[in-house]
Amino acid sequence: MALLEINNLHVAIDGKEILKGLDLTVNAGEVHAIMGPNGSGKSTLAYVLAGKAGYQPTAGEVRFEGRNIFDMKPDERAAAGLFLAFQYPLEIPGVVTMTFLRTALNAQRKKRGEAELTTPEFLKRVREVAKKLGIDQEMLRRAVNVGFSGGEKKRNEILQMALLEPRLAVLDETDSGLDIDALKVVAEGVNHLRSPQRGFVVITHYQRLLNYIVPDVVHVLSRGRIVKTGGKELALELEARGYAEYREEAAA
Amino acid sequence: MAEVKVIKTAAETALAHTYAQARGRLSGDDAIAAQREAAFDLFAKEGLPHRRIEDWKYTDLRALMRDAKPLASPPDAAAKARARTAGKLIGDVEARRLVFVDGAFVPELSDTADLERGLSLRSLADALADADPVLTAHLGKLAPAGDVAVALNTALMGDGAVIHIAAGSIIERPLHLLFVASEKPAATFVRSLVVVEPRARVMLIESHEGPATGDYQVNAALELFVGDEAHVDHVKIVGEGGEALHVSTLAAAIGARARFNAFTFTAGGAVVRNQLFLRFDGEDTVASIRGATLIKGRQHADTTLVADHIARGCQSREVFKAVLDGEAHSVFQGRIIVRPGAQKTDAKMMTRALLLSDRAEADNKPELEIFADDVQCGHGATAGALDDELKFYLMARGIPEAQAEALLIQAFLGEAIEGIEHAGLREALMETVAAWLGARQ
């Protein structure tokens, strides 16, 4: 069974159709990159998968390990193993990062019928993961993303992913706003989690990230549909030639 | 022109009756008796405050107070026994308890042994009975003259705490004034006086609680003198029962280079009015004035604050947060006054209300009156619902909706509660918040 199976997905936001019959299948162990020009529907796809309010399908289906995700609330999708790394991680004043991480992890474990982690167990886990990602302990004691730089926010997303160990991670323009050093740290974090049991959907505008997270499959998304699929060389092609031809193709 | 004759309400008539009956046996010397008379005259003239009085616009006591309960009789053994388990609102904070049941000091429930050096305390009833000179020097000196709620307290005050902290004394153990109401439908008028001499340090906790069902009325007032370079924390917790009417006043005068932290936590009571009248008399004092209100159902909670900067160079921070569910109604009125002599004042006030229901109402009224030209003052007020984007972010990490909301509400109130310096008390209040949120789900 595929990890993620999207068939003929149509999504309209405020009456305007953004996704127009999108098909995508991601198997465990695969890394799929979705590239496309601005406004092609990349972030909409990410939000639909995570279950943001207002991002409802008008047609089509999305199955995550065989289950219809539209029957599941955002927290249920997360507990089932779906993770979205936000393009713009939110600042949550007053909620300490450590509390947030523990609440999230234990809520997921509880929903899966697993025992909640004790404080020492949790601290050990979070320290290990933070260390690998070069995240300072001090950052974990601050309110979630408040006063964090762009790079720190993105690293915090990867920290959450590493801690929550999802079955499928969707990374929405995780490379935007990162300098090359931060990009490498983020990519290492992702590569470290690559495994035969896990899948990734890496959404990006630029090919640069894919030098570090090498995809198995590259898709071009334009005007709400996947218009081309290829191997990692497709990303290089796009980098060299731009998206112009896909804009026309989709318009035609 | 014919004089407008205001018809007295049942509550006003009953209060006049109560005073006429009690007048002969109310304690105090001639000076106190004269204060009582003058205060009652003000009430007789003005009546209960109502919505046409600007300061009471949102808390129309004349309409909200349908009757006035008789003065509480001294607590019986059963009431005292129940009061033994009171005080849970402050968690396991180790404090010196001074317990008042139905407005009367109960020595056998209180901890008056082994007083720290420099700390002296007694009951107001005792101080009135033997005309303690501390009353002549301080009582009624800070309470605003025109306030009818305070006037009623002055006219009918029966008991309370009288506390003196000698210059330079550091009182490590917090003092907990614990006011407990029993089940009887009665009114209590408690009045306390706290004099903290220069360089002394003390933390005062004032909590009010009563049975969940019990139609009682509390009018409490505390006059607080903070000497130069003293450090005083005052934390007030209103955990009254669901049918109670609670009106209370903190009137404080703060000396130079002092530290003053006040926190008002309101979770109980049917109708609550917290009044704070703070006067910055000495220069270069730093004050943090905060509050958190957490109400639901048809609860009404009003916090009215006047921070009067008289001396130069003081810094005050006011942060008041309210969370409302059901048809609850919160009011915040905050006025910062900067007098001509109060140059270099740095005063910032923020009030925020979080509405969890479409039927809740929050009224925020911040005001600045500035008569000096070299000051930094500001205020802000917001009212709104929970942020859906933040909620989605939390849910996308696997946190169920109710828990995500609870986390955001705790964070919202946390900003105010974090201002309490005592860690144990901070935790106790966050526990109360968590319990409130738990009951909501």
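**Contacts and packing in a two-chain model**

With 23 C-beta neighbours inside 10 Å, Ile6(A) counts as buried, because the threshold for a buried residue is 20 or more. This value, like those that follow, was computed from a predicted model. Ile6(A) belongs to strand β1 of chain A, which covers residues 4-13. Once its neighbours within four places in sequence are set aside, Ile6(A) is in contact with Leu22(A), Asp23(A), Leu24(A) and Val62(A). Thr58(A) stands 52 residues away from Ile6(A) along the chain, and their C-alpha atoms are separated by 13 Å.

Chain A also offers a helix pair to look at. Two packed helices are described by the angle between their axes and the distance between the axes. For α3 (residues 97-111) and α6 of chain A, the axes come within 10 Å and cross at roughly 30°. The two helices α3(A) and α6(A) are therefore roughly parallel, since angles under 35 degrees fall in that class. The crossing of α3(A) and α6(A) is right-handed. On the α3(A) side, the residues that meet the partner helix are Leu101(A), Ala104(A), Leu105(A) and Gln108(A); on the α6(A) side they are Gln160(A), Leu163(A) and Leu164(A). By class, this contact of α3(A) with α6(A) holds five nonpolar and two polar residues, with no charged residues.

Just past this helix comes a residue with a notable backbone angle. Glu165(A) is found in the loop between α6 (150-164) and β9 (168-172) of chain A. Although Glu165(A) is not a glycine, its phi is positive, at about 45°. Glu165(A) has 16 other C-beta atoms within 10 Å and is partly exposed, because that class lies between the limits of 12 or fewer for exposed and 20 or more for buried.

Chain B has a residue of this kind as well. Phi of Ala131(B) is near 50°, again a positive value in a residue other than glycine. Ala131(B) sits in the loop between α5 (124-129) and α6 (133-138) of chain B. It has 14 C-beta neighbours inside 10 Å, so Ala131(B) counts as partly exposed.

On a broader scale, chain B is divided into domain 1 (10-282) and domain 2 (387-441). The centres of these two domains of chain B, taken over C-alpha atoms, are 31 Å apart. Their contact takes 14 residues from domain 1 of chain B and 12 residues from domain 2 of chain B. Within domain 1, the elements that give two or more residues to the side touching domain 2 are the strands β7 (201-209), β9 (231-239) and β11 (259-266) of chain B. Of these, β11(B) gives the most, with three residues. The side of domain 1 of chain B that touches domain 2 of chain B is made up of 10 nonpolar, two polar and two charged residues.

The last contact to describe joins the two chains. Here 18 residues of chain B are in contact with 22 residues of chain A. Helices α8 (388-395) and α9 (401-417) of chain B each supply at least two residues of the side of chain B that touches chain A. The greatest share on that side comes from α9(B), with seven residues. Sorted by class, the side of chain B that touches chain A has 10 nonpolar, three polar and five charged residues.

Methods:
Residues are numbered from 1 along each chain as its sequence is written. Chains are lettered from A and ligands numbered from 1 in the order in which they are written. This is a predicted model: local features need pLDDT of at least 70, side-chain atom pairs count only at pLDDT 80 or more; totals for chains, interfaces and linings use all residues. Two residues are in contact if their C-beta atoms, placed from the backbone, lie within 7 Å. Helices (H or I, at least four residues) and strands (E, at least two) are DSSP runs, numbered from the N terminus. Ala, Val, Leu, Ile, Met, Phe, Trp, Tyr, Cys and Pro count as nonpolar, Asp, Glu, Lys and Arg as charged, and the others, Gly among them, as polar. Domain bounds come from an automatic or database domain assignment. Axes are lines fitted to C-alpha atoms, for helices over the stretch in contact, and angles run from 0 to 180 degrees between N-to-C directions. Angles under 35 degrees count as roughly parallel, over 145 as roughly antiparallel, 65 to 115 as roughly perpendicular and the rest as oblique. A crossing is left-handed if the near helix is turned anticlockwise from the far one by less than a right angle, and right-handed if clockwise.
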